[in-house]
Structures are given as structure tokens and as C-alpha cells.
Amino acid sequence: MRVDVISIFPDYLAALDLSLVGKARQRGLLDLRVHDLRDWTTDRHRTVDDTPFGGGAGMVMRPDVWGLAIDEVLDAGAVGAHLIVPTPSGEVFTQRHAESLASAEQLVFACGRYEGIDARVAQHYRDAGVTVHELSIGDYVLNGGEVASLVMIEAVARLIPGMVGNPDSLVEESHGAAGLLEYPVYTKPPSWADLEIPEVLLSGHHAKIERWRRDRALERTARLRPDMIAALSVTGLDKHDLALLAGLGWVPDPHDGGRLARVRAGGPDVTPARGVDPGARVAE
Ligand code: JB8
């Protein structure tokens with residue numbers, strides 16, 4: 001796979017020489033090229049930005065400079081080229097995007113700064129038949145697209161076939177097929193800071209260990225990510241899963257039997273103290 005990153009701060013991308021992404025480059029699986037946007041400026045001051053039409057605060061990146069840069073790095077032979085524009089106004093980047101992008105021939109990351117890149121750049125490359133993705137890595141605001149590009153490149157690069165030593169570690173992890181958060185993991189020493197390893201993990205009973213791990217994953221997901229529980233298909237859940245989730249307040253939706261609905265907040269059932277009406281409302 002070829003990956004090009006265009007930025008006014010190319011040094012931000014130095015981290016891509018390290019670790020797994022660095023190894024992929026050394027092994028020839030990843031042809032990563034980082035470019036300085038100012039190489040495509042034509043004026044003495046190497047200007048990349050200007051004031052926004054319509055007024056307002058800050059500066060906007062000029063489309064002409066971006067056009068020259070992207071035209072030059074886009075591999076004409078790469079029919080499967082994708083242009084990725086990190087922006088807090090984009091669709092949220094997920095593991096599904098990473099999986100889909102991992103089989104692309106070329107990815108070009110256009111890292112904006114200031115108030116972002118003139119909107120005609122994304123429009124122009126879409127009109128020209130390039131697959132353009134405007135992507136956000138989460139609901140917070142960075143100073144530019146460089147760090148968001150680092151995140152997305154790492155998420156994609158580790159999925160390139162031949163990248164990870166043990167393919168099991170790819171299929172079992174969070175946001176994979178199961179649609180659940182990961183169970184807690186433990187290693188030596190067996191006793192640390194007065195904390196012991198859950199006994200079942202020392203039992204050697206593989207079926208019980210699998211069940212325990214799935215229970216912990218379901219509990220953790222219900223507590224931290226109710227949106228992921230609501231997205232589960234009931235057909236992917238066994239009787240034990242359904243019983244555990246019912247105890248956490250999630251039951252098959254009477255209006256949509258294929259999904260779960262929350263009938264009450266999670267947590268253990270509590271018997272109200274005598275004389276307490278659990279339905280009573282507290283005065284303002
Ligand atoms: C200017 O938060 B972000 C992000 C913020 C940005 C630009 C790109 C991405 C460009 N500010 O993902």
C-alpha cells in the first residue's frame with residue numbers, strides 16, 4: 001500500500017518511522033511518503049492560507065496550493081486511490097473504515113490547519129472520481145489534521161495482510177466481530193498489591209474461562225457503551241448472554257425482536273427498604 005501525507009508540519013509525522021508502522025515500511029509492505037505542502041507554493045512568502053469569504057475568524061487553506069500538491073502525489077495508475085481529509089466536521093472514523101481502507105492501493109491524507117481547507121478541494125476530487133473521505137477521530141478539536149492522520153494510519157497499517165505476527169490477536173480484539181469491549185486481562189505475578197487473579201483463569205477449564213470472559217465483556221460493554229449493546233443482534237447471543245443482559249436491564253425489544261431494549265438502568269436489583277416507595281419522586 002502507498003500512503004502519502006501532505007502537511008505544513010511534516011515533522012509531526014516522524015512517529016511513523018517507529019514501531020509497527022516503521023517495520024511495515026522496512027519490510028516493503030508500506031510505501032509511506034510525507035510531503036511539505038509549502039513545496040507547492042509559488043509566492044515568495046510560501047503562502048498556504050487566506051481570509052475567509054463571508055467573513056469570520058481565522059484563516060482558510062487555499063485550494064490552488066492543495067490542488068497542485070494532491071495532483072502530484074495522486075498515483076495516476078492507482079484506480080483505488082482514496083483522499084482522506086481529517087476534519088472535526090467529518091463522519092466519525094471507526095474500525096469499519098480502517099478495515100475498508102486496509103485494502104486500498106493508495107491513501108492520500110490532506111492535513112489541514114487553521115479553520116480548515118477550502119471546501120472546493122473535497123468537491124473537486126469527488127467530481128474527478130477520487131473516493132474522498134472527510135473523517136473525524138472523535139468529538140473534540142485538534143489544531144490540525146496531523147495527529148488525526150497518525151491515528152488513522154496506525155489503525156489501517158496494522159490490518160495490512162502480513163503485518164501482525166499473530167492473526168488471532170486481530171480477530172479477538174475490541175470492535176471486532178463480537179461488537180463488544182474486551183474482557184480484562186492478567187499476567188504474572190499472580191498476587192500483586194494484595195490483588196489476586198480471578199480463580200477461574202487458573203483452573204485450566206477452557207469452557208468456563210471463555211464463559212467468564214464473555215460475561216465480563218458483556219458487563220463492561222453494558223456499563224460503558226450502552227450504544228454497542230443496543231446495536232447487537234439477538235441472534236448472536238446465547239441463552240446465558242440473554243440471562244446476564246436481562247439482569248443488567250436489557251431484554252429483547254418487543255417492537256424489534258432482533259435487538260435489545262433497556263427496560264431499566266444497569267446495576268444489581270435492590271430490594272427497597274421497608275416503607276420506601278421505589279417509584280416516589282424526590283421533591284425539587
Ligand atoms: C484544522 O480535530 B480534528 C481536526 C482539526 C483541524 C483540522 C483537521 C482536523 C484542520 N483544525 O480532527
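**Figure 1. Residues around the ligand in the predicted model.** Twelve positions are not contiguous here; they fall into short stretches of the chain listed below. P86, T87 and P88 surround the ligand together with G112, R113 and Y114. Y140, V141, L142, N143, G144 and G145 also belong to the surround. By residue class, this shell divides into 6 nonpolar, 5 polar and 1 charged.**Figure 2. Ligand contact at L142 and burial of the ligand.** L142 is one of the residues around the ligand. Its contact runs through the backbone: a backbone N or O atom of L142 lies 2.8 Å from an oxygen atom of the ligand. Taken alone, the ligand exposes 310 Å², and the protein buries 94% of that.

**Figure 3. The largest pocket, with the ligand in place.** The ligand sits in the largest pocket. About 540 Å³ of space lies in this pocket. Its lining counts 29 residues. Nearest the centre of the pocket lie P86, T87, P88, E115 and G116. Of these, P86, T87 and P88 also surround the ligand.

**Figure 4. Make-up of the pocket lining.** Which elements each supply at least two residues of the lining of the largest pocket? They are β5 (81-92), α4 (120-127) and β7 (131-136). The largest share comes from β5, with 5 residues. By class, the lining divides into 14 nonpolar, 10 polar and 5 charged residues.

**Figure 5. A cis peptide bond at P189.** The bond from K188 to P189 is cis, and omega is near 5°. P189 lies in the loop between α6 (168-171) and β8 (191-192). Most peptide bonds are trans.

**Figure 6. Positive phi at S19.** S19 belongs to helix α1, residues 19-26. Phi of S19 is near 55°, a positive value in a residue other than glycine. Most residues other than glycine have a negative phi.

Technical notes. Residues numbered from 1 in each chain as written. Predicted model: local features only at pLDDT ≥ 70, side-chain atom pairs only at ≥ 80, totals over all residues. Heavy atoms only, no water. Near = heavy atom within 4 Å. Polar contact = N/O pair within 3.5 Å; in protein donor to acceptor, adjacent residues only side chain to side chain. Areas by Shrake-Rupley, 256 points an atom, 1.4 Å probe, with all protein chains shown as cover. 1 Å grid on protein atoms, 1.4 Å probe; cavity = no way out; pocket = protein on both sides within 12 Å on 5 of 7 lines; lining within 4 Å. Sits in = over half its atoms within 2 Å of the grid points. Nonpolar A, V, L, I, M, F, W, Y, C, P; charged D, E, K, R; others polar. Points joined across faces, edges and corners; volume = space filled by probe spheres on them. Helix = DSSP H or I, 4+ residues; strand = E, 2+ residues; numbered from the N terminus.
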